[in-house]
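Q: I am new to this structure. Can you take me through its features one at a time?

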Amino acid sequence: MKFALAAVMFLMVSTIIAAQETSELATPPNGDNQHAAVSQWIGPVKISIDYHSPKVHKPDNNDRTGHIWGELVHYGFVDEGFGPTKGAPWRAGANESTTITFSNDVKVEGKDLKAGTYALFLDVEKTGSWNWVFSNHLGWGSFQYDPQDDALRVPVTPEDAPFTEFLTYGFDDRRPDSAVAYLQWEKKRIPFKIEVPNVNQLYVAKMRQDLQSWAGFNYQDWQSAAQFCADNKINLEEALLWADKAINGPFRGATVGHEDFSTLSTKAAVLEAMGRESDADALMEKALQLPGTDAYAIYAYGMGLLGKNKKDQAMKIFAFNERQHPQDKFWTSLGLARGYTAVGDKKNAIANWEVVLHNVPSNFSNRTASYEASLKKLKETS
């Protein structure tokens, strides 16, 4: 009995010891190279970089400035004496493999790269270009690196940079369809450009999906989707259907479409983007006559025409606004002032700027100086 109990106790202790040996505890990162992550959206596409961040001073009284590149970080592909690889690039961080994740297909330095998560390595060279390496094998560090697993290699030019204590990844030069990711450490910055050339198509695909859910019960969402397509001259046939839904769509008791100046303007914008200008003009004529179309809406439409250098059409709209809203002395006069200025009629422009200045609403008082400057410039050149 005692022997059996001792055997059970031995098995229990052995199990506990084995569990301790194989468990992964929440302990500080190796070498105090802190775990970090950074993400950036390019349109609807998310890019995330996960890494461990060493520092230049390690320990704090040991300044390794000038001894990072080519010393602590080796040049080229080397045999580090650990793991199966005989030629390892730098892991572009510390500890585990640095990883980068793309939610959608992208271009990196002009080359295609599929959506997914990749180990991110860096080939550091003494002279010439350095090379970012995107590997399909995540592994641990670069000890299992195999060039057969490369998804992409791209050459880049390292740049001098202000001193950075902690190895840091980030994104800058952020644009609607691209961003530049970079690693910055010590006195170097190593960038790579990420592009999403089909960003607008991705937005449209997401809008199409959203409109089949709760967003589709709001006529303004159909209008916004149609307007986006018009503004970017994309997916226009479907956008015309979306614009019609915003105007006429039955939403089964939740809401209904609205035929107003705004929704008709959006449909007209789609028609114009399709090259159907006469249809767009006819629709805008209808929108202008709708009850409830206020002086500001007509002014904004006229300014849009002015922006397209359609000066004669813009003047007709500004004159119509004055007839339609004789009680309004601000938006109607502002439109005429800008219109007459554009066509070079200084006399009428000055007269209307003076009316504007006598009727500036209190919530637009911060623009008074700008209006005064426009009037002054006209008087000086008349």
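A: Start with a definition. A residue is buried under 20% relative accessible area, exposed over 50%, and partly exposed in between. Keep in mind that this is a predicted model.

Q: Is Leu-72 buried, exposed or partly exposed, and what is its relative accessible area?
A: The relative accessible area of Leu-72 is 44%, so Leu-72 is partly exposed.

Q: Where is Leu-72 found?
A: Look in the loop between strand E2 (45-53) and strand E3 (99-102).

Q: Which residues does Leu-72 touch, not counting those up to four places away in sequence?
A: Contact means heavy atoms within 4.5 Å. By that test, Leu-72 touches Arg-64, His-67 and Trp-185. A C-alpha separation is another kind of reading. Leu-72 and Asp-50 are 22 residues apart along the chain, and their C-alpha atoms are separated by 21 Å.

Q: What else can I look at in the loop between E2 and E3?
A: Try Pro-59, which lies in that loop. The peptide bond joining Lys-58 and Pro-59 is cis, with omega at about -5°.

Q: Now the sheets. How do strands of a sheet pair?
A: They pair through backbone hydrogen bonds, either parallel or antiparallel. Here, one open sheet has six strands in the order E1-E2-E3-E6-E7-E8. Its pairing is antiparallel.

Q: Which strands stand at the edges of this sheet?
A: Strand E1 (34-42) and strand E8 (150-156) do. Each has a single partner strand, so one side of each is left without a neighbour in the sheet. From one strand to the next, the twist averages 20°.

Q: How many bridges join E1 to E2?
A: Nine bridges join them, and the two strands run antiparallel. For one pair to find, take Ser-39, which stands opposite Ser-48 in E2.

Q: What is the strand order in the open sheet of four strands?
A: The order is E5-E4-E10-E9, again with antiparallel pairing. Strand E5 (111-113) and strand E9 (159-175) are the edge strands, and each pairs on one side only. Neighbouring strands in this sheet are turned by 35° against each other on average, direction ignored.

Q: How many bridges join strand E4 (residues 106-108) to strand E10 (residues 178-195)?
A: There are two, and these strands run antiparallel. Lys-107 has Glu-195 in E10 as its bridge partner.

Q: Is Glu-195 buried, exposed or partly exposed?
A: Use the cut-offs again. With a relative accessible area of 26%, Glu-195 is partly exposed. Its place is in strand E10.

Q: Which residues is Glu-195 in contact with, leaving aside neighbours within four places in sequence?
A: Glu-195 contacts Val-106, Lys-107, Gly-110, Asp-177 and Ser-178. For a C-alpha separation, take Glu-195 and Glu-285. They are 90 residues apart along the chain, and their C-alpha atoms are separated by 41 Å.

Q: Next, helices. At what angle do helix H3 (residues 219-232) and helix H4 (residues 236-248) pack?
A: Here is the cut-off: over 145 degrees counts as roughly antiparallel. H3 and H4 pack at about 150°, with their axes 8 Å apart. H3 and H4 are therefore roughly antiparallel to each other. Their crossing is left-handed.

Q: Which residues make the contact between H3 and H4?
A: From H3 come Tyr-219, Trp-222, Gln-223, Ala-225, Ala-226, Cys-229 and Ala-230. From H4 come Leu-236, Ala-239, Trp-242, Ala-243, Lys-245 and Ala-246. By class, that contact has 11 nonpolar, one polar and one charged residues.

Q: Which residues in the loop between H3 and H4 should I find?
A: Find Lys-233 and Asn-235. Check phi at each. Lys-233 has phi near 50°, a positive value in a residue other than glycine. Phi of Asn-235 is near 55°, also positive in a residue other than glycine.

Q: Are Lys-233 and Asn-235 buried, exposed or partly exposed?
A: Lys-233 counts as exposed, at 61% relative accessibility. Asn-235 is partly exposed, with a relative accessible area of 25%.

Q: One last residue. Is Asn-352 buried or exposed?
A: Asn-352 has a relative accessible area of 10%, so Asn-352 is buried. Find Asn-352 in helix H10 (residues 346-357). Leaving aside its neighbours within four places in sequence, Asn-352 is in contact with Ser-333, Leu-336, Ala-337 and Tyr-340.

Definitions and conventions
Residues are numbered from 1 along each chain as its sequence is written. This is a predicted model: local features need pLDDT of at least 70, side-chain atom pairs count only at pLDDT 80 or more; totals for chains, interfaces and linings use all residues. Side-chain values use heavy atoms; hydrogens and water are left out. Axes are lines fitted to C-alpha atoms, for helices over the stretch in contact, and angles run from 0 to 180 degrees between N-to-C directions. Angles under 35 degrees count as roughly parallel, over 145 as roughly antiparallel, 65 to 115 as roughly perpendicular and the rest as oblique. A crossing is left-handed if the near helix is turned anticlockwise from the far one by less than a right angle, and right-handed if clockwise. Ala, Val, Leu, Ile, Met, Phe, Trp, Tyr, Cys and Pro count as nonpolar, Asp, Glu, Lys and Arg as charged, and the others, Gly among them, as polar. Buried means under 20% relative accessible area, exposed over 50%, partly exposed in between (1.4 Å probe, protein chains only). Two strands pair if DSSP finds at least two bridges between them.
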